[in-house]
Amino acid sequence: MATIHDVARVANVSAATVSHVMNGSRYVAPETRDRVLAAITELDYRRDGIARSLRRSKTGTIGVIISDISNSHFVDMVRGIEDAIQVLPDRVNFILCNTDEDRVRERMYLDLLIEKRVDGLIVAPAGHNEAEFVRIARTLPMVFVDRHLQSVEVDSIGIDNRTAARAVVTHLIGLGHRRIGLLRAILDGDTISERVLGYRDALAAAGLPIDPALEFDAAATFAAGTAGGHRMLGPKPRPEAVFCTSNFMTLGMMLAVNQAGLNCPKDIAIAGFDDFVWAAAFRPRLTVAAQPSYAMGQQAVGMLFERISKTRDGPPQRVLLEATIEIRESCGAKGT
C-alpha cells in the first residue's frame, strides 16, 4: 500500500504538503496541488484513517442506532441526521445500526461502535440495556432520540407524546365518539406509555370512563396491528373509534377494518401517530399526530457535536418538539 511519503517522493514535495492537499488547504499553489493529486491517482493512495484517528484522538465517525429502519419515522430522522452532518465544518461519517427493537442486537451494536472508537452516539434505545448506557455515558457523548431512559443522564430529543395523544383523542371525542379503543404498542421506554396517558387524560377530561376492555396490546408491526385490529372488532359492541399508538399499527388497523367488511370512518373512526409521505394517496386520508422526525434528527446532531466539541457542558438537556395534529377523513371529520 502506498504511503504519504511515496506520494511526496513522486510529486517532489514534502509529506506535509501532501497532508495540506489532502485536508483541502487553500495555501498550496495550484500547480503543486495538481502534482500531488496526480501522484495520489498514480499510486492509488488511500489515507490511513486508523493512524490518523489515533493521532487526533478522534475518528470523525459517530454511531447511529435506530429501532426499525423500515419505519418512515426513523427513515426521516436518519435523513435529518445525514443532512446535518453534511454541513458540519469537519468531515464526519456515521455508522447506521438497526436493532429491530431487539435488546441483544442493541447491545451487540453498542459493543461494535465502541470498538470502532466512534466520537459519539445518537440512539433510539430499545430498552433493557440501561446499565450499559449508564456506563457508556460516563465517557462518550450520547444523545437519545425519540425515546428517553430516565436513569441515563444524557441529552435527549423527542416530542411531547402525552400532549399530542391527548389532542388526537380529544378531537375524536369532539366528533361525538364515546367508545374509543386504544391499540397500544408493546415497546419499552417512555414513548408509548406517555401516549397511553394522553389517551386516558382526554377521556377523563370529557368525563368518559377508562375501560380496560377497550385497550388492546400488540407488537408495533403491521401484522400485529392487523391481528390486534381483528381482536378489537370481535367483541360487541365494538369501539366507535380507535386511537393507535404507532404508524404500523394504524395501517394494520385499517387493513383489519377493510378485511372485516367495515367502512372507515362510517362504521369506525381511526386516528394514530406518525405521518407518511404517501398519506395524501391513502383513502380515507389518516388523521394523525405527525412528528417532526427530520428536525429531530437534525437537532440531535447539533446537540451531540456541542458535547463532542466541548462547547456545551453541564447537566443533560431534554428537548421536546411539538407534534402537528393532521385532521383528515379517517376520524369522521372533513379533511383539511
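Start by selecting Cys 331 in this predicted model and look for its sulfur. The closest cysteine sulfur belongs to Cys 264 and sits 8.5 Å away, too far for a bond. A disulfide is a covalent bond between the sulfur atoms of two cysteines. To count as one here, the two sulfurs would have to be within 2.5 Å. While you are there, check the surroundings: Cys 331 is buried, with a relative accessible area of 0%.

How many disulfides does a search of the whole structure find? The result is 0. Select Cys 244 next, which is in no disulfide either; its nearest cysteine sulfur, that of Cys 264, is 9.6 Å away. Cys 244 is buried too, at a relative accessible area of 0%.

Now move to Asn 71, in the loop between β1 (61-66) and α5. Is Asn 71 buried or exposed? Its relative accessibility is 9%, so Asn 71 counts as buried. Show its side chain and find a polar atom there that lies 2.9 Å from the backbone nitrogen of His 73. Then display Asn 247 and Phe 248: Asn 71 touches both of these residues, which are further along the sequence than four places.

From the loop, step into helix α5, which covers residues 72-86, and select Val 75. With 40% relative accessibility, Val 75 counts as partly exposed. Finally, add Ile 69 and Leu 96 to your selection and switch on the surface. Together with Val 75, these residues make a nonpolar surface patch of about 220 Å².

Technical notes. Residues numbered from 1 in each chain as written. Predicted model: local features only at pLDDT ≥ 70, side-chain atom pairs only at ≥ 80, totals over all residues. Heavy atoms only, no water. Patch = residues over 30% accessible without salt bridge, like charges linked within 9 Å, V, L, I, M, F, W, Y side chains within 5 Å. Areas by Shrake-Rupley, 256 points an atom, 1.4 Å probe, with all protein chains shown as cover. Salt bridge = Lys/Arg side-chain N within 4 Å of Asp/Glu carboxyl O. Helix = DSSP H or I, 4+ residues; strand = E, 2+ residues; numbered from the N terminus. Buried < 20%, exposed > 50% of the residue type's maximum accessible area, 1.4 Å probe, protein only. Polar contact = N/O pair within 3.5 Å; in protein donor to acceptor, adjacent residues only side chain to side chain. Contact = heavy atoms within 4.5 Å.
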